Amino acid sequence: MNAPNPRGLWHGRAADLLARGIDGRMVIDGHRYHATDGQLFDCISPLDGKVIARVARGKAADVARAVTSARAAFNDRRWAGQAPAQRKKVMLAFAEQLRRAREELALLETLDMGKPIKNSLSTDVPGAARCIQWFGEAVDKIYDEIAPTGDNALALVTRQAIGVVGAIVPWNYPMLMASWKLGPALAAGNSVVLKPSEKSPLTALRLAELALEAGLPEGVFNVVPGFGHEAGEALALHLDVDAIAFTGSTRTGRRMLDYASRSNLKRVYNELGGKSANIVFADFDDLDRAAATAAGSMFYNQGESCNAPSRLLVQDTIADAFVEKLKALATQYAPADPLDPGTVLGALVDETQTQTVMGYIQAGLDEGAQCVTGGRRALEATGGQFVAPTVFDGVRNDMKIAQEEIFGPVLAVIRFKTEAEAIAIANDSAYGLHAGVWSRSLDRAVRVSRALQAGTVHVNQYDEDDITVPFGGVKQSGNGRDKSLHAFDKYTELKTTWMRIDSAN
Ligand code: NAD
């Protein structure tokens, strides 16, 4: 017998999955439902442009139904009222369910939004499972406070679940972004209504089923797929939603604040876009590593990462050599079939995104930047959405490709002379999500890290990430922090309880 062809393996599994059919109905109160008005939308795979599922198109009536279910679950305390140790058990079982369903979830994610199967298997599913597990494990280890008072009083400062959380998430890491909200929100005892992106709704629906199988009570976690201006808007405007945990573009984040001000002043946590600067100083001696990381972090997930180091600031004395290295490295990121386990750069999420990216490439050329590699679509015959990894040299920071988030495999190289100039360029951005500094001088690395306006600064690497540290930005990259124990701040309210203590006589 011939050795199994791994490429064939995932194509075979995809064919089986599609032949069985993907259930695109909403999950409300523990059950699957069609939209109230029966409408559906096509879920199109960016691998080949084919429809892989028809999904319920949730609107205001469906959101209302989901919020009613979430509120009822919260009010009768079927989840919030369970001891933290018991909630932990369910969360750990939920994480285990994700691990058991790893291959199915990875396949759904890749078919739905185009990332390489290798990454779905190694990062997205395990990352989501670890997140759910980590917050589950944490929740029975957090204590409340007693305030310092005199003998005649006792003042408790306690954390209480906030109530009904609306989670609205993007398509670039559908499962991971959902789990960053679900982990702390559910562990703290809240009920959640999740609105996945219309471009990637499939794994969210499976997550809700797996949570139910793990023992999460019905109504605690509901999923309403649909469009932003319909389901998303209805959720963010709903008067009985206590908080919106949003991840997405800065444009939509602005709307979230508007919805809150027009409705019930619900809390809004915004995790938004980025245009992160990665600064390489000439004193960094291992330029091969710096270049490999700059390319790897940029082209990972087809450049559709909020924290992608999309502005590369290189000191002028090493810039020519550095750009040559990037050009050579780009060949390792040739777009290929996302279902092939060897592929490192898959498909962009849809035709609209491809057009957006190609529009930015044209803008770079129009403004006089030099495209040293890429700059074109690839694999058109597949019917899929592929763009070659692209590097622009000679970029000025006031160009469109340096100021706006492209969200595709396009790297802008900006040359600088001095440390002060590098800091000024890096901070001259509406965004402030991540930043990188490469220098062998400890003094410089610390000075520059302190000066950079960013939620996370990477020194001599750009890959480190873990559930244990907060993730979020400053400026127009948002105000929320996902991950780490700080995430509990978003999903709990501090309550003070004063008690008078009379003396014995
Ligand atoms: P998007 O803002 O278009 O959509 C995000 C979500 O909001 C989707 O579910 C969408 O349906 C919904 N939405 C869209 N319009 C809406 C409206 N008018 N009312 C209510 N909801 C609406 O963003 P996207 O294109 O899906 O995602 C890419 C963006 O997400 C990028 O800017 C990226 O940087 C950002 N992102 C940020 C982080 C972070 O942690 N900071 C992480 C991942 C992605």
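## Ligand site briefing

At least three residues of the shell around the ligand come from domain 1 (10-272), and at least three from domain 2 (277-465). The model is predicted. The ligand sits in the largest pocket. The shell around it counts 30 residues.

**Polar contacts**

- K195, E198, S249, T252 and E405 come nearest to the ligand.
- The side chain of E405 places an N or O atom 2.5 Å from an oxygen atom of the ligand.
- For K195, an N or O atom of the side chain is 2.6 Å from a ligand oxygen atom.
- S249 also has a side-chain N or O atom 2.6 Å from an oxygen atom of the ligand.

**Burial**

- On its own, the ligand has 850 Å² of accessible area, and the protein covers 92% of that area.

**Make-up of the shell**

- By residue class, the shell around the ligand holds 14 nonpolar, 10 polar and 6 charged residues.

**Secondary structure around the ligand**

- Helix α8 (228-237) supplies at least two residues of the shell.
- Strand β10 (243-247) likewise gives at least two.
- Helix α9 (250-262) gives the most to the shell, with 4 residues.

Terms used: Residues are numbered from 1 along each chain as its sequence is written. This is a predicted model: local features need pLDDT of at least 70, side-chain atom pairs count only at pLDDT 80 or more; totals for chains, interfaces and linings use all residues. Side-chain values use heavy atoms; hydrogens and water are left out. A residue is near a molecule or strand if one of its heavy atoms lies within 4 Å of it. A polar contact is a pair of N or O atoms within 3.5 Å; within protein, one must be able to donate a hydrogen and the other to accept it, and residues adjacent in sequence count only if both atoms are side-chain atoms. Accessible areas come from the Shrake-Rupley method with a 1.4 Å probe; for residues, only the protein chains shown count as cover. On a 1 Å grid over the protein atoms alone, a cavity is a set of points where a 1.4 Å probe fits but cannot get out, and a pocket is an open set with protein on both sides within 12 Å along at least five of seven lines; lining residues have an atom within 4 Å of a point. A molecule sits in a cavity or pocket if more than half of its atoms lie within 2 Å of its grid points. Ala, Val, Leu, Ile, Met, Phe, Trp, Tyr, Cys and Pro count as nonpolar, Asp, Glu, Lys and Arg as charged, and the others, Gly among them, as polar. Domain bounds come from an automatic or database domain assignment.
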